[in-house]
Amino acid sequence: MRQVETDSLVIGSGGAGLLAACRAADAGHRVLVLERAPELGGTTAVSGGMVWVPDSSVMREHGMPDSAEDALRYLELVTEGETDRERLEQYVGTAREMVDYLHAETPVRLFPIDRPDYHSDWPGARDVGRTLDNVPFPTADRPGLVDRIRRGSHFDAVTYDERHRWQIPGRYDHALVARRRAEGVLTVGAALAAALVAACDDRGVAFETGVRARELLREDGRVVGVRADTADGPAEYRARAGVVLATGGFEWNERLKRAHLGIPGTRPVSPPWNHGDGLLMATEAGAALDGMSQAWWVPAVSGRGEEYDGAPLTRHLVGERCLPGSIMVNRQGRRFVNEAVNYNDVTKAFLAFDPTRHERPNLPAWLVFDEGFRRRYPIAGEQPGAAAPGWYTSAGTPAELARSIGVDEQGLTETLAAFNPDAARGVDTAFGRGTTSHDRYYGDPLHGPNPCLGPLVEPPFHAVRVEPGMLGTKGGLVTDGRGRVLRHDDSPIPGLYACGNVAATVMGPGYPGSGGTLGPALVGGYLCGTAIGKEEQR
């Protein structure tokens, strides 16, 4: 069996693992990163790449006021009292420090955008600045780098901020996007992952891909490495200082999802490599778990029949729910939620349980829209202008559409009869859609009187099935303020650290804003790498 020795071992190459590797290398450690997939970047590389950091130096540089006090006031509401104030304070303080470190010591460059917090009307929230986007990252001066980085199918070569600003017709800069593609310039999550890989390269961090860690190696109660499967057979990787688990969540492990989430049919929108490997290894070593029933929820569509890495590709609905001319309905043909609520919380409405009927009435749901909406806006990857694709359900009247998709005909007819007059006036008397700056962010700025509301009147009418999905799971290993994995008695497992979605998130059941997943992941990586860098290299 092949044996490899190093100082610090990181399992997983998403943003959390890469930053942990950087920090450990800063301490003079030899660092090895093991990645199960053939490419680097993990879920980070296919994401929007935003990082939620309140009261940062880049906010101040752009004249965007904030305060730690407001951030904590807001986070205490978001986390619903499930996260200790001390951990929230650590997050706010460390997140600022982490951004300063990235700008001073790595090629990562972040800038604040005018993205409202997800609960923009709550005390302590901000409409601008806490969400940080990635400056496009050029790879031409680093031969071979672009080919090592995972890329997704959800984002073109535009920043998240550009994608929002260019939604107005005529603003999309096709020439700039084509030039970026040709020159290997990466954006959004791929830019963040590539910049962190470059930072690791600069520090001499080693990488091995196609390696699946299977078991923690322990001696005298201390974690000293992992046993793994490689293309050349089993191997042992030993680490003198310890092991950082950054293996992602368990959203692709059906057994774990059934056991902990308890919701059938949940669809992951991440790359199909997150099977809870780190979680399973650590629990065998006695690790405690928390928040296992929680996920980073999103409304999901999978009807296009696409694949990614050999698995079904699921897309999540964001702008489609907030634009004028669409609604979501349940099996009764009724609206059941403000469709423009942030994707994490709107999906929780799908999971409501009716104890009388003993069913989940909002599973599945349907995005319903008219021909005018289809002609104006992209829908789950389908661009406007072309003929309606075969995976849409279409009909000449709302009643016919209801029969075709199996929802209550009278319910859908009555729903539109009530919704359309409200929408024409720019009000939603049922759910208040379009009343907050967050709702309006994804609306159509050229549509009035409300950018989120428009009547559904132009036939044919269309429907797309929507189910609960997830960016990843958010429950996992319990860690302390240094990223050390804890046992059930709160004692640390020596030599074992965890960050990213394998660890229980500081955000509890909530989601503060765009980048609310990556923010805690990067902070966790920063803490783990800093702590393991101080370990004696045994």
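This passage describes salt bridges, cavities and one buried helix in a predicted model.

In total, 46 salt bridges were counted in the structure. One of them joins R85 to E89, with the closest N and O atoms 3.0 Å apart. Both residues belong to helix α5, which covers residues 85-105, and they stand four residues apart, or about one turn of the helix. An α-helix has 3.6 residues a turn, so residues three or four places apart point the same way. R85 has a relative accessibility of 38% and therefore counts as partly exposed, since the partly exposed class lies between 20% and 50%. E89, at 39% relative accessibility, is likewise partly exposed.

A second pair within one helix is formed by D345 and K348, whose side chains meet in a salt bridge with an N to O distance of 3.5 Å. These two residues are three apart in helix α12 (residues 343-348), which means that about one helical turn separates D345 from K348. K348 has a relative accessible area of 27% and is partly exposed. Salt bridges that share partners also occur, and they join D66, D70, R73, D117, R126 and R130 into one network.

The salt bridge between the side chains of E535 and R222 has an N to O distance of 3.4 Å. E535 lies in the segment after α17 (518-533), whereas R222 is in strand β8 (residues 222-230), so this pair ties together parts that are 313 residues apart in sequence. Both E535 and R222 are buried. The partly exposed state of R85 and of E89 contrasts with the buried state of E535 and R222.

The interior was also examined for empty space. Rolling a probe the size of a water molecule over the atoms shows where empty space is left. Three cavities of 30 Å³ or more were found. The largest cavity has a volume of about 240 Å³. Its lining comprises 21 residues, of which R87, A504, V506, P520 and G524 are the closest to the centre. Two elements, α5 and α17, each give two or more residues to this lining. Helix α17 gives the most, with five residues. By class, the lining of the largest cavity consists of 11 nonpolar, eight polar and two charged residues.

The second largest cavity has a volume of about 90 Å³. It is lined by 14 residues, and those closest to its centre are V269, S270, P271, Y308 and L313. Nine residues of this lining are nonpolar and five are polar, while no charged residues are present. The lining of the largest cavity, by contrast, includes two charged residues.

Helix α4 spans residues 68-78, and its buried residues are A68, D70, A71, L72, Y74, L75 and V78. Among these, D70 is also a member of the salt-bridge network that includes D66 and R73. The elements that cover the buried residues of α4 include β3 (51-52) and α5. Helix α5 thus appears in several parts of this description: α5 holds the R85 and E89 pair, gives two or more residues to the lining of the largest cavity and helps to cover α4. Just after α4, E80 takes a positive phi of about 55°.

Technical notes. Residues are numbered from 1 along each chain as its sequence is written. This is a predicted model: local features need pLDDT of at least 70, side-chain atom pairs count only at pLDDT 80 or more; totals for chains, interfaces and linings use all residues. Side-chain values use heavy atoms; hydrogens and water are left out. A salt bridge is a side-chain nitrogen of Lys or Arg within 4 Å of a carboxyl oxygen of Asp or Glu. Buried means under 20% relative accessible area, exposed over 50%, partly exposed in between (1.4 Å probe, protein chains only). On a 1 Å grid over the protein atoms alone, a cavity is a set of points where a 1.4 Å probe fits but cannot get out, and a pocket is an open set with protein on both sides within 12 Å along at least five of seven lines; lining residues have an atom within 4 Å of a point. Grid points are joined across faces, edges and corners, and a volume is the space filled by probe spheres set on the points. Ala, Val, Leu, Ile, Met, Phe, Trp, Tyr, Cys and Pro count as nonpolar, Asp, Glu, Lys and Arg as charged, and the others, Gly among them, as polar. Contact means heavy atoms within 4.5 Å.
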